[in-house]
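Here is a short briefing to read beside the model. Keep the sequence and the 3D view open as you go.

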Amino acid sequence: MTRAQPHPRILVVEDETDIARIICNALDDYGFRWDHAATGRRCLQAAQQQPPDLAIVDLGLPDMDGMEVIRQLQDASPCAVIILTGRNDVTDRVLGLELGADDYLVKPFEPRELIARVRSILRRYLRSADDTPAAPGSALFSGWRFDASRHGLTAPDGRDVSISAAEATMLLALLRNPNRILTREQLIGERNVDPYDRSIDVRISRLRRKLEDDPQNPRLIKTVYGAGYLFCSAVAWE
Ligand code: CA
């Protein structure tokens with residue numbers, strides 16, 4: 001699995017040459033390996049040949065809507081995503097998070113700010129990969145199966161359900177701590193989570209839409225008001 005490698009691969013999807021150069025130079029300076037795609041189509045081709053650990057995606061691409069690129073990218077090879085947008089638009093941000101993006105930056109941004117976000121996201125993913133039990137195995141719960149090593153989620157009826165890297169990280173945290181209240185910090189493995197950061201709730205609601213018969217009345221992932229979330233199922237690892 002690529003994200004367990006010591007050198008994460010980053011795919012930079014940006015059509016503006018100057019901005020792409022600034023990003024790639026900054027990644028170079030900090031020793032990251034990257035590929036660059038100037039269009040949505042090139043991004044999807046590149047991801048097919050070499051699935052990235054993290055994609056940095058400009059929403060304004062010449063050939064495809066950036067949101068559509070992210071949707072297709074997450075379907076084919078779930079990875080961490082940082083959105084770049086020229087508009088400080090809350091709808092974009094929320095929609096991006098709905099699609100499984102992990103973070104977003106509004107242009108113009110400081111290269112150092114981008115690097116800080118990249119590091120924080122990769123730390124989260126690499127750690128969650130490290131935390132996987134030695135033989136990662138599969139978690140069985142309420143008829144579902146989650147293969148932790150390939151982030152494969154299979155429904156009780158045998159359907160494969162696609163899940164983003166961000167959702168997989170969160171699901172794994174829940175599956176490792178069944179019937180225990182997890183705080184927001186514990187859910188994403190970070191300290192000092194901004195209480196107004198909606199990204200955790202957005203990911204929880206995405207997970208619920210995939211896992212729950214009635215997402216409005218969740219049975220598996222319960223909200224414990226003022227405390228966090230509770231995963232209500234027995235979990236067996238194999
Ligand atoms: Ca652009």
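The notes below cover a calcium site, two sets of strands and one helix.

This is a predicted model. Four residues supply the protein donors of a calcium ion. Five strands make an open antiparallel sheet, and helix 6 lies across four strands: 6, 7, 8 and 13.

**Calcium site**
- The protein donors are Asp 15 (OD), Glu 16 (OE), Asp 58 (OD) and Gly 60 (O). They lie 2.2 to 3.1 Å from the calcium ion.
- Along the chain, the donors follow the spacing D-E-x41-D-x1-G.
- Glu 16 and Gly 60 link distant parts of the chain, 44 residues apart. Glu 16 sits in the loop between strand 1 (9–13) and helix 1 (17–29). Gly 60 sits in the loop between strand 3 (54–58) and helix 3 (66–76).
- Are these two donors buried or exposed? Glu 16 is partly exposed, because its relative accessible area of 39% falls between the 20% and 50% cut-offs. Gly 60, at 44% relative accessibility, also counts as partly exposed.

**Five-stranded sheet**
- The strand order is 9-8-7-6-13, and the pairing is antiparallel.
- Strand 9 (160–161) and strand 13 (236–237) stand at the edges. Each has a single partner strand, so one side of each is left without a neighbour in the sheet.
- Strand 6 (residues 138–141) runs antiparallel to strand 13, joined by two bridges. Leu 140 has Ala 236 as its bridge partner in strand 13.

**Helix 6**
- Helix 6 covers residues 165–176, 12 residues in total. From first C-alpha to last, helix 6 reaches 16 Å, close to the 16 Å expected at 1.5 Å a residue.
- How many of its residues are buried? In helix 6, 11 of the 12 are. Among them are Glu 167, Thr 169, Met 170 and Leu 171.
- Helix 6 lies across strand 6, strand 7 (144–147), strand 8 (152–154) and strand 13. The helix runs at about 115° to strand 7.

**Strands 10, 11 and 12**
- Strand 12 (residues 228–231) runs antiparallel to strand 10 (residues 181–182), and two bridges join them. Ile 181 has Leu 230 of strand 12 as its bridge partner.
- Strand 11 (residues 221–224) also pairs with strand 12 in the antiparallel sense, over four bridges. Here Ile 221 stands opposite Phe 231.
- Strands 11 and 12 form a hairpin with three residues between them. In that hairpin, Gly 226 takes a positive phi near 80°.

How values were computed
Residues numbered from 1 in each chain as written. Predicted model: local features only at pLDDT ≥ 70, side-chain atom pairs only at ≥ 80, totals over all residues. Heavy atoms only, no water. Pairing = 2+ DSSP bridges. Expected span 1.5 Å × (residues − 1). Buried < 20%, exposed > 50% of the residue type's maximum accessible area, 1.4 Å probe, protein only. Donors = N, O, S within 2.8 Å, 3.2 Å for Na, K, Ca; no water. Contact = heavy atoms within 4.5 Å. Axes fitted to C-alpha atoms, helices over the stretch in contact; angles between N-to-C directions.
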